[in-house]
Amino acid sequence: MGLAYPSETYYSYGGMYKPAELILNSYKNSGGEVKRKRKVIKIRKRKDYYQVETEKGEVFDSKGIISSIPIWNMAELTDGEIQKYYQNYAKYFDFAWGAFTINFAIETKAELNSLYYQIHTDDQIPNCDARSYFVSFSAKDDYAKAPDGWRTVTISCHTKTEKWLSLTKEEYSRRKRALQLNTS
């Protein structure tokens, strides 16, 4: 759903994980087996399948792989032609975007023209690399997200992750608090 932005924004009742949960349940109901909490340490391409090895020493064969780890880390997990592909492809991206998000709920019966809004500012948002906030509300009848008469709200702005990764806990907390105060 997030990959379609900004051409279309789709709403998923219960949250963005719901479509993945539906696919997972369909797979399990069709006889598929799901393995969780296994750190993958190697992905190898074989003739017409992939071989996945975990840190527990397990080896699984698969017709395809879906990965959610950053592109820069894929080269570490792969070898051969796949590794070369990720090493070359990662060179086109010199940083990773992240998002700072605030989530809360409000009590309201108000009708909204849209569930999604952008707020643009003249100045750059402190501790973010943006001049806009993204604001989304849950649908008034999405009772998986909030009870009747309430809506969840998410406010986010985009930032480069490298600005946050090497901070001390104290500095991280200070910047986070400054950003929270700026969005309220």
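What follows is a friendly conversation about how some features of this predicted model get their names.

Reader: How do you know that C128 and C157 are joined by a disulfide?

Author: Their sulfur atoms lie 2.1 Å apart. The cut-off is within 2.5 Å, so the pair qualifies as a disulfide.

Reader: How many disulfides does a search of the whole structure find?

Author: The search finds one disulfide. The link of C128 and C157 is right-handed, with 50° about the S-S bond. It ties together distant parts of the chain: C128 sits in the loop between β5 (116-120) and β6 (132-137), while C157 belongs to strand β7 (residues 150-160), 29 residues apart.

Reader: And what kind of bond is a disulfide in general?

Author: It is a covalent bond that connects the sulfur atoms of two cysteines.

Reader: Why is C128 called buried?

Author: C128 has a relative accessibility of 2%. Buried means under 20%, so C128 earns the word. C157 passes the test too, because its relative accessible area is 1%.

Reader: What makes β5 and β6 a pair of strands?

Author: Five bridges connect β5 and β6, in the antiparallel sense. A pair needs at least two bridges, so β5 and β6 meet the requirement. One example is H120, whose bridge partner in β6 is S132.

Reader: How do you know that β6 and β7 pair as well?

Author: The count here is four bridges, and the two strands run antiparallel. With at least two required, β6 and β7 therefore count as paired. Across from V135 you will find I155 of β7.

Reader: Let us stay with β7. Is T159 buried or exposed?

Author: T159, which lies in strand β7, is buried, because its relative accessible area of 4% falls under 20%. Leaving aside residues up to four places away in sequence, T159 touches several others, among them A96, W97, C128 and W164. So T159 in β7 is in contact with C128, one of the two cysteines of the disulfide.

Reader: What makes the meeting of T159 and W164 a polar contact?

Author: The side chains of T159 and W164 are joined at 3.1 Å. A polar contact has its N or O atoms within 3.5 Å, so this distance fits.

Reader: Now to the charged side chains. Why is the meeting of E21 and K18 called a salt bridge?

Author: From N to O, the distance between their side chains is 2.8 Å. The limit is within 4 Å, so the name applies. E21 and K18 are about one helical turn apart, because they are three residues apart in helix α1 (residues 17-29).

Reader: What makes E21 and K18 partly exposed?

Author: Partly exposed is the range between buried, under 20%, and exposed, over 50%. E21 has a relative accessible area of 29%, so it falls in that range. K18 falls there too, because its value is 23%.

Reader: How do you know that K84 and E81 form a salt bridge?

Author: The closest N and O atoms of K84 and E81 are 3.6 Å apart, which is within 4 Å, so this is a salt bridge. K84 is partly exposed at 46%, whereas E81 is exposed, because its 60% is over 50%.

Reader: How many salt bridges does the structure hold?

Author: It holds nine. They include the one between R44 and E53, with closest N and O atoms 3.0 Å apart. In addition, a network of salt bridges links E171, R174 and R175.

Note on methods:
Residues numbered from 1 in each chain as written. Predicted model: local features only at pLDDT ≥ 70, side-chain atom pairs only at ≥ 80, totals over all residues. Heavy atoms only, no water. Buried < 20%, exposed > 50% of the residue type's maximum accessible area, 1.4 Å probe, protein only. Polar contact = N/O pair within 3.5 Å; in protein donor to acceptor, adjacent residues only side chain to side chain. Contact = heavy atoms within 4.5 Å.
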